[in-house]
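Here's a quick tour of some side-chain details worth a look. Have the viewer open and follow along.

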Amino acid sequence: VQLQACGGGLVQTGGSLRLSCAASGRTSSSYIMGWFRQAPGLEREFVATISWSGGSTYYADSALGRFTISRDNAKKMVFLQMNSLKPEDTAVYYCAAKNWILGARLTATSVHEYDYWGRGTQVTVSS
(Lines give C-alpha, C1' and ligand atoms only; values in the text may rest on other atoms or scores of the structure.)
Protein backbone atom coordinates (compact mmCIF):
# COMPACT_ATOMS: atom_id res chain seq x y z
CA VAL A 1 0.00 0.00 0.00
CA GLN A 2 1.29 3.42 -0.96
CA LEU A 3 0.02 6.51 0.78
CA GLN A 4 0.32 10.10 -0.38
CA ALA A 5 -0.68 12.98 1.85
CA CYS A 6 -1.32 16.49 0.61
CA GLY A 7 -3.12 19.66 1.58
CA GLY A 8 -0.63 21.19 3.95
CA GLY A 9 0.40 24.80 3.80
CA LEU A 10 0.83 28.05 5.65
CA VAL A 11 -2.17 29.39 7.56
CA GLN A 12 -2.76 31.99 10.24
CA THR A 13 -3.82 31.18 13.77
CA GLY A 14 -7.50 30.33 13.80
CA GLY A 15 -7.50 29.23 10.19
CA SER A 16 -8.39 25.88 8.66
CA LEU A 17 -6.79 23.28 6.44
CA ARG A 18 -8.01 20.01 5.01
CA LEU A 19 -5.44 17.30 4.59
CA SER A 20 -6.03 14.44 2.17
CA CYS A 21 -4.39 11.05 1.92
CA ALA A 22 -4.71 8.87 -1.16
CA ALA A 23 -4.09 5.14 -0.99
CA SER A 24 -2.95 3.01 -3.89
CA GLY A 25 -1.62 -0.47 -4.43
CA ARG A 26 -3.00 -3.38 -2.43
CA THR A 27 -6.09 -1.68 -1.09
CA SER A 28 -8.47 -4.62 -1.19
CA SER A 29 -7.81 -5.34 2.47
CA SER A 30 -9.41 -3.48 5.33
CA TYR A 31 -7.26 -0.84 6.94
CA ILE A 32 -7.42 1.31 10.00
CA MET A 33 -6.19 4.77 9.04
CA GLY A 34 -4.44 7.32 11.19
CA TRP A 35 -2.96 10.78 11.10
CA PHE A 36 0.21 11.59 12.99
CA ARG A 37 2.41 14.65 13.17
CA GLN A 38 6.00 15.43 13.95
CA ALA A 39 7.40 18.80 14.92
CA PRO A 40 11.14 19.55 14.70
CA GLY A 41 13.06 17.88 17.51
CA LEU A 42 10.04 15.96 18.76
CA GLU A 43 8.79 12.43 18.36
CA ARG A 44 6.01 11.58 15.96
CA GLU A 45 2.71 11.82 17.79
CA PHE A 46 -0.80 10.53 17.27
CA VAL A 47 -3.47 12.93 16.05
CA ALA A 48 -6.51 10.93 14.93
CA THR A 49 -7.58 7.49 13.79
CA ILE A 50 -10.58 6.00 12.00
CA SER A 51 -11.82 2.45 11.65
CA TRP A 52 -11.98 0.74 8.27
CA SER A 53 -15.72 1.35 8.03
CA GLY A 54 -15.48 4.93 9.24
CA GLY A 55 -17.84 4.18 12.10
CA SER A 56 -15.30 4.66 14.87
CA THR A 57 -12.91 7.53 15.42
CA TYR A 58 -10.54 8.57 18.17
CA TYR A 59 -8.59 11.77 18.69
CA ALA A 60 -5.65 13.01 20.66
CA ASP A 61 -6.67 15.51 23.32
CA SER A 62 -4.92 18.24 21.34
CA ALA A 63 -7.12 17.54 18.32
CA LEU A 64 -10.44 16.85 20.02
CA GLY A 65 -13.08 19.37 19.09
CA ARG A 66 -10.97 21.02 16.39
CA PHE A 67 -10.01 18.23 13.99
CA THR A 68 -12.21 15.74 12.18
CA ILE A 69 -11.01 12.58 10.50
CA SER A 70 -13.08 10.97 7.76
CA ARG A 71 -12.67 8.53 4.91
CA ASP A 72 -14.13 7.67 1.53
CA ASN A 73 -13.38 4.01 0.88
CA ALA A 74 -14.78 4.13 -2.64
CA LYS A 75 -12.20 6.77 -3.51
CA LYS A 76 -9.53 5.27 -1.25
CA MET A 77 -9.10 8.58 0.52
CA VAL A 78 -8.75 9.71 4.11
CA PHE A 79 -9.14 13.29 5.25
CA LEU A 80 -8.25 15.42 8.22
CA GLN A 81 -10.23 18.63 8.56
CA MET A 82 -8.35 20.97 10.87
CA ASN A 83 -10.08 24.03 12.27
CA SER A 84 -9.07 26.68 14.79
CA LEU A 85 -5.43 26.00 14.08
CA LYS A 86 -2.80 27.07 16.58
CA PRO A 87 0.95 27.66 16.21
CA GLU A 88 1.55 24.48 18.22
CA ASP A 89 -0.13 22.52 15.42
CA THR A 90 2.84 23.31 13.20
CA ALA A 91 4.39 20.00 12.11
CA VAL A 92 4.78 17.57 9.29
CA TYR A 93 1.59 15.51 9.11
CA TYR A 94 1.65 11.87 8.08
CA CYS A 95 -1.09 9.45 7.19
CA ALA A 96 -0.68 5.79 8.02
CA ALA A 97 -2.50 2.51 7.46
CA LYS A 98 -2.79 -0.56 9.65
CA ASN A 99 -4.06 -3.92 8.48
CA TRP A 100 -7.29 -4.73 10.29
CA ILE A 101 -8.39 -8.24 11.13
CA LEU A 102 -11.93 -9.16 12.13
CA GLY A 103 -12.14 -9.18 15.92
CA ALA A 104 -9.26 -6.78 16.49
CA ARG A 105 -9.61 -3.27 17.90
CA LEU A 106 -11.22 -0.88 15.48
CA THR A 107 -8.74 1.97 15.88
CA ALA A 108 -5.05 2.40 16.65
CA THR A 109 -3.14 5.22 18.31
CA SER A 110 0.47 4.05 18.47
CA VAL A 111 3.07 4.75 15.81
CA HIS A 112 4.31 1.19 16.21
CA GLU A 113 0.94 -0.32 15.32
CA TYR A 114 0.89 0.97 11.77
CA ASP A 115 2.14 -0.96 8.76
CA TYR A 116 2.33 1.67 6.05
CA TRP A 117 3.30 5.32 6.04
CA GLY A 118 3.08 8.07 3.50
CA ARG A 119 5.34 11.01 2.99
CA GLY A 120 4.31 13.88 5.13
CA THR A 121 2.82 17.23 4.31
CA GLN A 122 3.98 20.37 6.08
CA VAL A 123 1.50 22.41 8.09
CA THR A 124 2.69 25.77 9.37
CA VAL A 125 0.49 27.97 11.54
CA SER A 126 1.68 31.52 11.98
CA SER A 127 0.91 33.52 15.09
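## Rings, sulfurs and a buried arginine

The charged end of Arg44 is parked over the ring of Tyr94, 3.7 Å from the ring centre. Keep in mind that this is a predicted model. A second arginine does a similar job elsewhere: Arg18 lies over the face of Phe79, 4.0 Å from the ring centre.

On to rings meeting rings. The structure has 7 aromatic pairs. One of them is Phe46 with Tyr58, a stacked pair with centres 6.1 Å apart and 25° between the planes. Phe46 sits in strand S5 (residues 45-50) and Tyr58 in strand S6 (residues 57-59), so this pair ties together parts that are 12 residues apart in sequence. Phe46 is buried, at 12% relative accessibility, while Tyr58 is partly exposed at 47%. Both belong to a cluster linked by ring pairs, made up of Phe36, Phe46, Tyr58, Tyr114 and Trp117.

Now the sulfurs. How many disulfides does a search of the whole structure find? It finds 1, formed by Cys21 and Cys95 with their sulfur atoms 2.1 Å apart. Cys21 comes from strand S3 (residues 17-24) and Cys95 from strand S9 (residues 91-99), so the bond ties together parts that are 74 residues apart in sequence. The torsion about the S-S bond is about 60°, so the disulfide is right-handed. Cys21 and Cys95 are both buried.

And why does Cys6 not bond to Cys21? Because the closest cysteine sulfur to that of Cys6, the one in Cys21, is 8.4 Å away, which is too far for a bond; a disulfide needs the two sulfur atoms within 2.5 Å. Cys6 is partly exposed, with a relative accessible area of 42%.

Last stop: Arg37, in strand S4 (residues 31-38). This arginine is buried, with a relative accessible area of 6%. Its side chain makes polar contacts with the side chains of Asp89 and Tyr93. Leaving aside neighbours within four places in sequence, Arg37 also has contacts that include Glu43, Arg44, Glu45, Val47, Ser62 and Phe67. Arg44, the residue over the Tyr94 ring, is thus one to look at from the Arg37 side too.

Here are the side-chain pairs with their distances:

| Pair | Kind | Distance |
|---|---|---|
| Arg44 and Tyr94 | charge over ring | 3.7 Å |
| Arg18 and Phe79 | charge over ring | 4.0 Å |
| Arg37 and Asp89 | polar contact | 2.9 Å |
| Arg37 and Tyr93 | polar contact | 3.0 Å |

Methods:
Residues numbered from 1 in each chain as written. Predicted model: local features only at pLDDT ≥ 70, side-chain atom pairs only at ≥ 80, totals over all residues. Heavy atoms only, no water. Phe/Tyr/Trp six-rings, centres within 6.5 Å; stacked < 30°, edge-to-face > 60°. Helix = DSSP H or I, 4+ residues; strand = E, 2+ residues; numbered from the N terminus. Buried < 20%, exposed > 50% of the residue type's maximum accessible area, 1.4 Å probe, protein only. Lys NZ or Arg CZ within 6 Å of the ring centre and 35° of its normal. Polar contact = N/O pair within 3.5 Å; in protein donor to acceptor, adjacent residues only side chain to side chain. Contact = heavy atoms within 4.5 Å.
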